[in-house]
Protein chains: 2
Amino acid sequence: MTTKQYVNNLAENSKKAARSLRTADISIRNKVLKKVATDLIANSNAIIQANQKDLALAKTQGLSEAMLDRLALTESRIAGIAKAVQEIASFADPLGQILSSTVRDDGLQIEKVSVPIGSILFIYESRPNVTIDGAALCLKSGNAVILRGGKESAFSSAALATIFRNALNVEGLDENAVQLVENSDREVINELLKCEGLIDLVIPRGGEGLIRTVVENSRIPVIKHYKGVCHIYVDASANVDEALAITLNAKTQRPGVCNAMETLLLDEALGKNQILRFFDSMKLAGVTLYGCEKTCQIRPVINSIAESSYDTEYLDLKLSVKIVSGVKEAMDHIEKYGSGHTEAIIAESETAQQAFVSGVDSSSVMVNASTRFADGGEYGLGAEVGISTDKLHARGPMGVESLTSYKWVLNGNGHIRG
Amino acid sequence: MTTKQYVNNLAENSKKAARSLRTADISIRNKVLKKVATDLIANSNAIIQANQKDLALAKTQGLSEAMLDRLALTESRIAGIAKAVQEIASFADPLGQILSSTVRDDGLQIEKVSVPIGSILFIYESRPNVTIDGAALCLKSGNAVILRGGKESAFSSAALATIFRNALNVEGLDENAVQLVENSDREVINELLKCEGLIDLVIPRGGEGLIRTVVENSRIPVIKHYKGVCHIYVDASANVDEALAITLNAKTQRPGVCNAMETLLLDEALGKNQILRFFDSMKLAGVTLYGCEKTCQIRPVINSIAESSYDTEYLDLKLSVKIVSGVKEAMDHIEKYGSGHTEAIIAESETAQQAFVSGVDSSSVMVNASTRFADGGEYGLGAEVGISTDKLHARGPMGVESLTSYKWVLNGNGHIRG
């Protein structure tokens with residue numbers, strides 16, 4: 001079978017499964033999810049064995065400790081995945097929701113009703129748990145999914161997908177509602193991206209390079225999950241104690257994630273003594289600072305930063321710092337270097353707060369709160385597909401509702417247009 | 001100036017204008033719209049003169065009567081355009097709407113607020129009225145727009161865009177909120193489609209070939225406006241008199257538009273005599289039929305249709321006909337040949353209605369009503385950008401709300417993540 005045939009089969013199967021899912025009742029979709037949760041626990045040993053193969057291979061390839069950690073499955077991690085699936089099963093049905101409803105004077109009823117998107121291509125990192133999360137979120141929202149995980153997790157993902165497909169089969173749904181791409185060749189992705197008409201949406205997560213390639217080659221709509229270069233601006237009106245706690249939390253509570261702060265913008269009017277407190281706080285937490293000229297004047301031991309480096313996503317205990325002349329310069333800086341993910345202002349001044357909230361074009365804008373809250377779970381969305389850095393369809397944390405579209409349903413009584 | 005520089009200027013200007021529009025109050029946006037409406041009337045003569053130049057050129061190029069008619073502007077048509085702008089000014093502000101709001105137990109407030117998308121590239125046919133409609137809808141929703149109309153309307157569109165830009169200027173907004181592409185070279189579109197990061201959305205209307213080219217070349221999200229191959233299925237349970245009236249309306253009230261019926265699917269169980277009534281009704285209205293084998297058996301003078309022609313959008317007094325074995329076969333046919341635009345079922349059976357509504361994946365699904373209702377105005381959306389055949393972001397008639405995105409706004413009180 002050629003790559004093209006292989007891909008075409010995947011896409012055709014997915015479209016067919018999507019059609020049958022359109023009318024699959026919520027009780028059956030939830031039944032499958034509950035069976036998946038049970039079967040994950042029951043098959044823990046087999047899953048761990050498959051995962052051991054991945055880990056052994058990954059070690060020979062010199063993967064970093066962090067990546068090995070993301071890849072590893074244990075009994076308790078599998079229990080965690082099962083719990084997440086059970087939680088998704090407990091969500092309300094995102095389909096069939098009446099989003100708007102009107103009855104015209106002539107009696108014609110017009111409803112906007114939530115429906116599945118159809119077939120989704122989900123591209124993600126070597127994190128086996130995402131295989132199950134992605135499949136579960138797509139099934140809950142009535143979508144067929146083609147899963148393409150990182151190649152380092154091939155054995156684990158295959159074991160997990162098999163469990164999911166078996167559950168679909170047992171409950172009488174088309175097992176092709178969940179398909180795993182087993183050929184890690186990049187050419188497979190390129191061919192899949194040409195399957196407009198069969199696949200309705202591509203969601204790529206992971207490395208920026210991969211996402212850019214997907215965008216450049218796709219004829220199918222893409223919801224992108226780019227990086228997070230998150231800023232916190234501390235206004236002169238800030239409660240400085242609060243600001244110190246928030247900036248520390250945003251930088252250090254979990255530096256390796258996309259909603260961690262990467263750049264601290266300090267209002268010059270805070271004055272040297274208050275500004276130094278931020279530097280001390282970061283130093284104490286082991287954070288290396290990279291500062292602008294003014295920063296280095298205030299504390300000469302701080303490394304100076306090249307202007308072009310302000311777009312850096314460190315994902316580490318490192319922080320860019322800039323001293324600005326107020327909220328306007330802070331917003332100009334964010335406009336230029338931000339990634340549109342999450343920014344925060346720490347200020348008591350309502351004028352400054354309002355200027356920041358309306359002027360900053362990011363998926364999440366925080367007032368007096370840590371950027372770390374930008375998360376589907378924290379927002380009460382339950383499990384999330386990821387954090388969209390796009391402005392179309394879904395922005396910021398994407399819950400199960402983000403995986404739905406809608407249709408207009410009109411009920412008439414012989415209505416014709418005059 | 002090279003094409004690349006020209007395009008880059010357009011895109012940079014648009015991004016800059018979009019930034020200033022983010023915080024432009026609704027009262028100013030409406031003021032501009034009202035001034036545009038007044039100025040259109042005041043400058044009717046100049047607009048008509050420009051339009052005459054387009055028409056003269058178009059006639060030498062042998063444009064069809066229908067296209068010349070779409071291109072022509074008269075005093076009353078200009079008044080109509082001005083009225084549409086005034087209506088858009090009267091709409092509620094689509095921005096700053098609180099789409100959802102929660103306060104967590106810890107007091108952190110999370111709101112989802114509607115915001116502009118940013119900068120939009122709008123590609124459309126040689127219809128000068130769309131220049132003003134597009135600009136007005138984008139300004140109302142706080143978006144900057146780059147307008148690229150068909151080249152046959154170049155003089156008219158330039159005159160209209162000048163009026164709009166002048167109104168922006170007079171009211172103190174950035175005139176680059178509305179820019180017209182004055183170079184009709186296709187290369188300009190190709191370069192614009194590479195401006196990801198500067199332009200946020202592309203909306204192409206018009207010929208299918210052009211839209212496909214846009215999709216293939218764009219790195220920017222596209223909301224497509226493809227064709228409408230709309231079906232009506234008449235179930236054996238239908239009130240036949242109602243069905244006759246609806247099908248006649250859907251085919252003949254305005255055959256040249258995308259929500260006109262192109263294929264009639266008749267339930268075999270209606271019986272020969274009832275089926276013949278549909279053929280008679282269409283014949284009387286001057287509609288030429290193209291039927292399946294069974295159709296031609298019932299009435300041999302009807303032209304037989306090649307299976308592959310069932311995806312035809314006639315936009316004319318022509319109709320494909322197929323006799324099917326019931327709602328299931330009707331849905332199979334629609335799945336294979338439909339364009340996902342609008343389909344209708346005429347049936348008294350609730351089982352058949354429900355199967356059709358949940359099983360058919362189209363932007364509008366009608367029960368006992370004409371497909372001709374699929375229209376933003378009929379749905380109460382006011383003016384429309386077009387009818388999206390996409391499932392992402394906006395589906396079906398796109399009103400001004402479809403031109404908005406949202407952001408998450410969090411209000412805390414020193415909140416940090418534990």
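This is a short walk through a predicted model, from one sheet to two of its residues.

Let's begin with the sheet. Ten strands make up an open sheet with mixed pairing, and following them across gives the order β1(A)-β2(A)-β16(A)-β13(B)-β12(B)-β7(B)-β8(B)-β11(B)-β9(B)-β10(B). At the edges you will find β1 (98–103) of chain A and β10 (303–304) of chain B; each has a single partner strand, so one side of each is left without a neighbour in the sheet. Now look at one pair inside this order: β7 (residues 230–234) and β12 (residues 342–346), both of chain B, run in the parallel sense and are joined over four bridges. Among the bridge partners, B:H231 is matched with B:E343 in β12(B).

Next, find B:S388, which sits in strand β14 (residues 386–388) of chain B. Its relative accessibility is 0%, and because buried means under 20%, B:S388 counts as buried. The side chain of B:S388 has a polar atom 2.6 Å from the backbone oxygen of B:A394, and this side chain also reaches the backbone nitrogen of B:D390 at 3.0 Å. Beyond its neighbours within four places in sequence, B:S388 is in contact with several residues, including B:I223, B:H225, B:S363 and B:M398.

Our last stop is B:R165, part of helix α7 (residues 154–170) of chain B. With 22% relative accessibility, B:R165 counts as partly exposed. Setting aside residues up to four places away in sequence, B:R165 touches B:E175, B:N176, B:V178 and B:Q179. One of these, B:V178, has its backbone oxygen 2.9 Å from a polar atom of the B:R165 side chain. As for B:I220, it is 55 residues from B:R165 in sequence and 25 Å away in space, C-alpha to C-alpha.

Terms used. Residues numbered from 1 in each chain as written. Chains lettered and ligands numbered in written order. Predicted model: local features only at pLDDT ≥ 70, side-chain atom pairs only at ≥ 80, totals over all residues. Heavy atoms only, no water. Pairing = 2+ DSSP bridges. Helix = DSSP H or I, 4+ residues; strand = E, 2+ residues; numbered from the N terminus. Buried < 20%, exposed > 50% of the residue type's maximum accessible area, 1.4 Å probe, protein only. Polar contact = N/O pair within 3.5 Å; in protein donor to acceptor, adjacent residues only side chain to side chain. Contact = heavy atoms within 4.5 Å.
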